[in-house]
Amino acid sequence: MIDEAYRKTAEEVLSLLETDGSGLSEKQVETNRSRYGSNAFGEEKRVSPVLIFLSQFNDFLIWILLVAAILSAVLGKLESTLVIAVVVLLNAVLGTVQHLKAEQSLTALKAMSSPQARVIRGGDVITIDSQNIVVGDIMAVEAGDFIAADGRLISAYSLKADESALTGESLSAEKDNEHLEKSNLSPGDQSNMVFSGTHITYGRGLAVVTAVGESTELGKIASLLSQAKEKQTPLQRSLDAFGKKLAIIILAIAAVIFAMNIYRSSPVLDAIMFSVSLAVAAIPEALSSIVTIVLAIGTRRMAQENAIIRRLHAVEGLGSVSVICSDKTGTLTQNKMSVRQAYVGGRLLAENGLDLEQKLDKHLLNIAMLCNDSITTDVQVIGDPTEVALVDWGEVYKLDELIIRDKYQRISELPFDSERKLMSTLNDIDGQKIMAAKGAVDVMIKRVKYIDDGQGARPIKPDDITRIEKMNAQLSSQGLRVLAFASREYEGTELSLKDENELTFIGLVAMMDPPRPESRDAVTACHRAGIRTIMITGDHIVTASAIARDIGILTDEYQALKGSEIETLSDKELEEIVPRTAVYARVSPEHKIRIVKAWQQLGHAVAMTGDGVNDAPALKQSDVGVAMGITGTEVSKDAASMVLTDDNFATIVRAVSNGRSIYRNISNAVQFLLSGNTAGILAVLFASLAGLPAPFAPVHLLFINLVTDSLPAIAIGLEKPEEAVMSEPPRNINEPLLNKKFAQTVLFQGLIIGIATMIAFYIGLNADLMEAAVMGASANGAANGSSSMTAATMAFAVLCLARLIHGFNSRTQGPLSLRKLFSNKFSWIAFLSGSLLLAAVMLIRPLQNVFETVSLTMEQYLQIAGLALLPTIIIQIVRRLMARR
Ligand code: ATP
């Protein structure tokens, strides 16, 4: 790193680092990386898989199970010890695998949205991952960029940086490239430096990197780097809280059953084992981890479809979004602009209609090339599409922007910003200093004092202004973006914002940015899904309305509103007006926040797009902040909870569909887990209350917990989005997952699975009684003693199989069609592997001993199959009847 770089001139720093304005060569990059280190901060410590595995044992129930296993061993019941050991181990393995998988997906997601930086290397501007920056690199920074490393400014145009992360100062600091004499300056006073972790709020500039990674000012303050850990999502939190409450209830039930068993003089160890197994089987410990897994899998799918989730809670938010506020340019439109018409010297011309023999036409075209930062070559196109369109326009007249810019050197500039809506440059045109400006017509018209209509500049008259405004309206109503061009002679060498006045109007240029072909369908899809689409744009109201009408956002029932009109409204008045408004034009970032808040006040969940440096607050305020991956600033990406890699509105709509289906899958998986557990508890409770022997042996409960819980639940989580999710209204954001209807469904499904289980138990019990009678034992003894093996085997088999089959029910809320039945191979894998394991423990002799099952008659096997199918048949019939209603 270079010490006190601010005390050296830019040239000194460059030569110390053996580089110049064209940047490092590939070889130098490697040399500097090994000499000065890489731009990485102490890697976040990854928890090792061993620790994750061990942490699976840190659970109250597991401890009790382990104690039970030890007791069993002491008492010589080695089979029980073995079973518990296997169950606990498998549980831990499964938990570890799930944890690692989820973590893997989330890390991959994070990598996809890692910050980027622009550097000049070997003469080219390239975009690289911030962590690949090295000392000596030339960083190109502009409004909205995060600074990736400390750097000494080589050039700065109206540059301002927000350094609050470093200095605590909330006002933006002005930056320039002048060298400073004083030593020991604090970062806040080093006006010719930019610092890692801060961001640019205004202007642009170039800086040579002087320190990276832990040598940066930010790196020195280690505490700042401990990134806040992602909190649990609201759904995870509420499920966790619910799971805890449920666990207490189940523990109470298990305690009651323990007491009853003791009262009936069961051996204490057996009673403990039974109650513990019941608790283990009934407490849905997988609830919150199912959410994590389904979210992780879902976000991977979304990333493949160009929506990168940066904060997991956004997925839940997406599921309930009822308003999408979208930018126009680039999101609803293609952001591929081309000049269609020009208005100069009172003539409206086609794009190829300029007459370069005329001084005015030539001047217009020249300033379109000069007041412009874009470059288009055969290999690459760099810059803002509005400006690219102007450069392309020059090509129609065989003008090369680089040659013109070389001929008429730029002396100073005022970069474009979307609040000012203007850009100006100062160029040396044949020895004369000319300031050229371009920008929004309504803004420019207030700043022109003269007009050149071919005969030289003269004071502009109200008539001229009316004519220009009429022309602007006419062109805008065709959906064209109209820019005004003006110029003036200039004395100084450094432009300042107040110089954008007393200009001479030269002409208008109208360009077309066609809507994306998919926007219209996406808007229709939103309409069907009960989602309002709103266009919020910096563009002119007439242009915006024309495009919005074309796409279907603006219809007769809605209106378009200007940002300036929002200013006159109170928050209450705005709330009244937002439901009627579909287009907001000439909007500033502050208006965006107010619009989001107004919708939220009305009880809506809002998705809001943003790309600029000032959009961050609105993105944070919205329920789902959406940043643009291609054109968005790093600051907006950082504030957003979702980034679109293709900047496309249709991607947001697909993400909403995914969000809805992920939420649905989570809800279905939770319903599956809870209904199965309910069935088990109801069966045990019923048997206890009716004075019957326990319907299951502890190993049965452990087996059910392991085999019928996780696998089908994960398969349900993997369910692909149903088309139907987008023909329903959005879910109310305040509606909890575990609502009354949800509870009713869980109870109903649990009840019928429980009843089927109890029927099997009764059938088995009768068979046991008959057998006991045949063998001459007392009937009473059979009912209470250990010879209820057939009954237990049948109850166990039915509960297990019924839950496996119920896994298919739970994949959807409605009737299960044949096509749907076969559309998810994971649910079949879960079902078949579960069934095979069940068959193994029921049919293979040594396993029978361990799992306390007995061989049954053919008739009994058929009865098991029938009874296990029964709940699903009933559920399907009920759903079909309900669907018909
Ligand atoms: P959206 O907010 O939908 O992305 P937008 O791109 O039109 O819309 P801004 O980029 O804020 O929004 O532009 C606002 C206005 O500034 C434009 O309508 C145009 O008149 C003017 N403008 C845009 N780009 C430039 C530029 N490079 N130079 C000068 N003026 C520009």
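In this predicted model, a surface patch of negative charge is formed by Glu174, Asp176, Glu178 and Glu494. One of its members, Glu174, belongs to strand β5, which covers residues 173-174. Glu174 has a relative accessibility of 59% and counts as exposed, because the cut-off for that class is over 50%.

A nonpolar patch also lies on the surface, with an area of about 370 Å². Its residues are Val47, Val50, Leu51 and Leu54. Val47 sits in the loop that runs between α2 (26-36) and α3 (49-55). With 44% relative accessibility, Val47 is classed as partly exposed.

**Strand pairing**

Strands β1 (residues 116-121) and β3 are antiparallel partners, with 2 bridges between them. In this pairing Val119 faces Met139 of β3. β1 is also joined to strand β2 (residues 124-129), again in the antiparallel sense, by 6 bridges. Here Arg118 has Thr127 of β2 as its bridge partner. The two strands β1 and β2 make a hairpin with 2 residues between them. Gly122, in the turn of that hairpin, has a positive phi of about 55°.

β3 pairs with strand β7 (residues 199-211) as well, through 5 antiparallel bridges. Within that pairing, Val141 is matched with Gly205 of β7. How far is strand β3 (residues 138-142) enclosed by the rest of the structure? Of its 5 residues, 4 are buried, so β3 is largely enclosed.

**Salt bridges**

The whole structure contains 31 salt bridges. Three of them are listed below with the separation of their N and O atoms.

| Salt bridge | N to O distance |
|---|---|
| Arg204 and Glu413 | 2.6 Å |
| Lys438 and Glu387 | 2.7 Å |
| Glu413 and Arg410 | 2.8 Å |

Arg204 and Glu413 form a salt bridge. This pair connects distant parts of the chain, since Arg204 is in strand β7 and Glu413 is in strand β14 (residues 410-417), 209 residues apart. The two ends differ in class: Arg204 is partly exposed, at 25% relative accessible area, whereas Glu413 is buried, at 3% relative accessibility.

Glu413 has a further salt bridge, to Arg410. Arg410 is partly exposed, with 23% of its relative area accessible. Through shared partners, salt bridges combine Arg204, Asp373, Arg410 and Glu413 into one network.

The side chains of Lys438 and Glu387 form another salt bridge. Lys438 is in strand β16 (residues 432-440) and Glu387 in helix α13 (residues 385-396), so this contact ties together parts that lie 51 residues apart in sequence. Lys438 is buried, at 5% relative accessibility. Glu387 is buried too, with a relative accessible area of 6%. Both values fall in the buried class because its limit is under 20%.

**Helix α25**

Pro698 is part of helix α25, residues 698-717. Is Pro698 buried or exposed? Its relative accessibility of 17% makes Pro698 a buried residue. Pro698 and Ile531 are 167 residues apart along the chain, and their C-alpha atoms are separated by 50 Å.

Methods
Residues are numbered from 1 along each chain as its sequence is written. This is a predicted model: local features need pLDDT of at least 70, side-chain atom pairs count only at pLDDT 80 or more; totals for chains, interfaces and linings use all residues. Side-chain values use heavy atoms; hydrogens and water are left out. Buried means under 20% relative accessible area, exposed over 50%, partly exposed in between (1.4 Å probe, protein chains only). Two strands pair if DSSP finds at least two bridges between them. Patches are made of residues with over 30% relative accessible area and no salt bridge: like charges are joined within 9 Å, nonpolar side chains (Val, Leu, Ile, Met, Phe, Trp, Tyr) within 5 Å. Accessible areas come from the Shrake-Rupley method with a 1.4 Å probe; for residues, only the protein chains shown count as cover. A salt bridge is a side-chain nitrogen of Lys or Arg within 4 Å of a carboxyl oxygen of Asp or Glu. Lys and Arg count as positive and Asp and Glu as negative; His and the chain ends are not counted. The place of a charge is taken as NZ of Lys, CZ of Arg, CG of Asp or CD of Glu.
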